[in-house]
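Work through the exercises below with the coordinates open. Each task is followed by a solution in steps.

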Amino acid sequence: MNEDEEWEGVVDGKSRNMPDGSNLYHYLKVTFTDGKSRKIRVDGSLWNAVSEGDGIVKRAGSAPSRK
């Protein structure tokens, strides 16, 4: 995810992974308003705050947040 990106979408899924065996990463599957979807890495507090079906927004220069 690029810091200058801007988008809006809906959370379609949540997952966590430890690819290196020591760090836990949080991911959201997001379907954007243009119909495309992507898995994005987010911090744990946002991951805990959203559920499937919730709106999420990313503004340039900011981290994704609940809509």
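**Exercise 1.** Is glycine 55 buried, partly exposed or exposed? Describe its surroundings as well.

*Solution.* The model is a predicted one. Step one is to place the residue: glycine 55 belongs to strand β4. Step two is the accessibility. The relative accessible area of glycine 55 is 21%. Buried requires under 20% and exposed requires over 50%, so glycine 55 counts as partly exposed. Step three is the contact list. With neighbours within four places in sequence left aside, glycine 55 is in contact with Gly9, Val10, Ser65, Arg66 and Lys67. Step four is a distance: serine 15 lies 40 residues from glycine 55 in sequence, and their C-alpha atoms are 17 Å apart.

**Exercise 2.** Classify serine 62 by accessibility and locate it in the chain.

*Solution.* Serine 62 sits in the loop that links β4 (55-58) to β5 (65-66). Its relative accessible area is 38%. That value falls between the limits of 20% and 50%, so serine 62 is partly exposed. For a distance across the fold, take histidine 26: it is 36 residues from serine 62 along the chain, with 18 Å between the two C-alpha atoms.

**Exercise 3.** Which residues make up the largest nonpolar core, and which elements supply them?

*Solution.* The general expectation comes first: in soluble globular proteins, nonpolar side chains tend to be buried together. Here the largest nonpolar core has 11 residues: Trp7, Val11, Leu28, Val30, Phe32, Ile40, Val42, Leu46, Trp47, Val50 and Ile56. Next, assign them to elements. At least two core residues come from each of β1 (7-17), β2 (25-32), β3 (37-42) and α1 (44-49). The largest share, three residues, is supplied by β2. Finally, take one core member. Beyond its neighbours within four places in sequence, leucine 46 is in contact with Leu28, Ile56, Pro64, Ser65 and Arg66.

**Exercise 4.** What is the order of helix and strands along the chain, and how does the radius of gyration relate to the globule rule?

*Solution.* Count the elements: there are one helix and five strands. In sequence order they give β-β-β-α-β-β. The radius of gyration is 12 Å, close to the 11 Å from the globule rule for 67 residues, so the chain is as compact as a globular protein of that length. The C-alpha trace spans about 35 × 25 × 20 Å along its principal axes.

**Exercise 5.** What share of the residues is buried, and how far apart are the mean positions of the charges?

*Solution.* Of the 67 residues, 28% are buried. The exposed surface is about 4,300 Å², with 42% of it supplied by carbon and sulfur atoms. For the charges, the mean positions of the 11 positive and 11 negative ones are 4 Å apart.

Notes:
Residues numbered from 1 in each chain as written. Predicted model: local features only at pLDDT ≥ 70, side-chain atom pairs only at ≥ 80, totals over all residues. Heavy atoms only, no water. Core = buried A, V, L, I, M, F, W, Y, C linked by side-chain atoms within 4.5 Å. Buried < 20%, exposed > 50% of the residue type's maximum accessible area, 1.4 Å probe, protein only. Helix = DSSP H or I, 4+ residues; strand = E, 2+ residues; numbered from the N terminus. Contact = heavy atoms within 4.5 Å. Rg over C-alpha atoms; globule rule 2.2 N^0.38 Å. Areas by Shrake-Rupley, 256 points an atom, 1.4 Å probe, with all protein chains shown as cover. Lys, Arg positive; Asp, Glu negative; His and termini not counted. Charge placed at Lys NZ, Arg CZ, Asp CG, Glu CD.
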